[in-house]
Amino acid sequence: MSASEDDQSREVAAMFAAMFDQLAKTYDQSGVPFFTTIAEGLVGRLQPATGERVLDVGFGRGAATFPLAEAVGPTGRVDGIDIAPTMVELATASARDRGLDHVSLAVGDAADPALPPASYDVVASSLVLFFLPDPQAALTRWRALLVPGGRLGFATFQPWPATWQAIEDVFREHLAPDAATTTRMPEVFAADESVEELVVAAGFGEVRTEAATYPVPFDDVEQWRVWSLGTAMRGLWMSIPAESHPQIMTRVERLLDDAGGTLDVAIRYTFGRA
């Protein structure tokens, strides 16, 4: 990596650290079945075994961490890294409240975890990889953390269904044409095949994809607003003048009504073996 690329990666990491630290208190706390549902789908497919050592990369508020901890039991271990210190603080408190002494969470960079090689049987990551400046390089570093035969599993979004895209388009009408947002994924995540190619290029074998679609129900547009402010969509709200927010709410309410109050989210689960 050149010096300029390294500087750019540090800037991206700092941006996401600040954003997710700001999000931490409301992240996945709206009661809407979203992050936890998606993470549980990942854990169920990975099938961690009793006694295994697992790394949860970008754990947020513990959506995957706690199901992983339950799966491996007290004879196993779950370590987690997240770039946002407040996420670490709050998730650590939750782990303590649950009596999960075999869970250890720390601040760390998903793009380059500072952890010993060959330390884990499983590396799991839910809705993180598309935020990283060089996903293939990150996957290569994750592979180095696995024992021979260790398993990788991560969740990413499939291309947005029509209503999700229409909602994002409502926001974009109020943004500058060249505005950068945290909700637009790199092109490589548009297809299963290109994501699998990243994993193969990172040195994994037995690469495969499973798809799942989950309903995300909202009581009303206000619940949707609260939920959205606890996700990366918060960046869209913050980039648009407050006087435009009522218009956005009105248009999103119509889209939600047309969808019957439920938005389906399409998820890709990708797996490989070291």
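A residue counts as buried here when its relative accessible area is under 20%, as exposed when that area is over 50%, and as partly exposed in between. The views below show a predicted model.

**View A. Helix α2 and its buried residues.**
Helix α2 covers residues 35-46. This helix has 12 residues, and from its first C-alpha to its last it reaches 17 Å, close to the 16 Å expected at 1.5 Å a residue. Look along α2 for its buried residues: Phe 35, Ile 38, Ala 39, Gly 41, Leu 42, Val 43 and Leu 46. What do they pack against? The partners of the buried residues of α2 are α3 (65-72), β4 (120-126), β5 (146-157), β6 and β7 (262-273).

**View B. The largest nonpolar core, with Trp 142 and Trp 224.**
This core has 88 residues, and Trp 142 and Trp 224 are the ones with the most contacts inside it. Helix α2 gives the most to this core, contributing six residues. If you centre the view on Trp 142 and leave aside residues up to four places away in sequence, you will find it touching Val 57, Ala 110, Pro 113 and Val 123, along with Ser 125, Leu 129, Leu 132 and Leu 152.

**View C. The open sheet of seven strands.**
Follow the strands across the sheet in the order β3-β2-β1-β4-β5-β7-β6; the pairing is mixed. The edges are formed by β3 (103-107) and β6, each of which pairs on one side only. On average, neighbouring strands of this sheet are turned by 15° against each other, direction ignored.

**View D. Strands β1 and β2, and the helix lying across β2 and β3.**
Strand β1 (53-57) runs parallel to strand β2 (residues 77-82), and five bridges join the two. For a handy landmark, find Val 54, which stands opposite Val 78 in β2. Now bring helix α4 (residues 85-97) into the picture: this helix lies across β2 and β3. Its direction makes an angle of about 165° with β3.

**View E. Gln 47, just after α2.**
Most residues other than glycine have a negative phi. What is the phi of Gln 47? The angle is near 50°, a positive value in a residue other than glycine. Gln 47 sits in the loop between α2 and β1 (53-57). Is Gln 47 buried or exposed? Its relative accessibility is 60%, so Gln 47 counts as exposed.

**View F. Glu 206, another residue with a positive phi.**
Although Glu 206 is not a glycine, its phi is positive, at about 50°. Glu 206 is found in strand β6 (residues 205-217), which is one of the edge strands of the sheet. With 61% relative accessibility, Glu 206 counts as exposed, because the cut-off for that class is over 50%.

**View G. The salt bridge between Glu 173 and Arg 251.**
The structure holds 11 salt bridges. In the one between Glu 173 and Arg 251, the closest N and O atoms are 2.6 Å apart. Glu 173 lies in the loop between α6 (162-172) and α7 (192-201), whereas Arg 251 lies in helix α10 (residues 245-258), so the pair ties together parts that are 78 residues apart in sequence. Glu 173 is exposed, at 52% relative accessibility, while Arg 251 is partly exposed, with a relative accessible area of 25%.

**View H. The network of Arg 45, Arg 208 and Glu 210.**
Salt bridges link Arg 45, Arg 208 and Glu 210 in a network. Within this group, the side chains of Arg 208 and Glu 210 meet at 2.5 Å, N to O. Arg 208 is partly exposed, with a relative accessible area of 36%. Glu 210 is also partly exposed, at 29% relative accessibility.

**View I. A salt bridge within helix α8, between Glu 222 and Arg 225.**
How far apart, N to O, are the side chains of Glu 222 and Arg 225 where they meet in a salt bridge? The distance is 2.7 Å. Because these residues are three places apart in helix α8 (residues 221-229), about one helical turn separates them. Both ends are partly exposed: the relative accessible area is 35% for Glu 222 and 26% for Arg 225.

Methods. Residues numbered from 1 in each chain as written. Predicted model: local features only at pLDDT ≥ 70, side-chain atom pairs only at ≥ 80, totals over all residues. Heavy atoms only, no water. Core = buried A, V, L, I, M, F, W, Y, C linked by side-chain atoms within 4.5 Å. Buried < 20%, exposed > 50% of the residue type's maximum accessible area, 1.4 Å probe, protein only. Helix = DSSP H or I, 4+ residues; strand = E, 2+ residues; numbered from the N terminus. Contact = heavy atoms within 4.5 Å. Salt bridge = Lys/Arg side-chain N within 4 Å of Asp/Glu carboxyl O. Pairing = 2+ DSSP bridges. Axes fitted to C-alpha atoms, helices over the stretch in contact; angles between N-to-C directions. Expected span 1.5 Å × (residues − 1).
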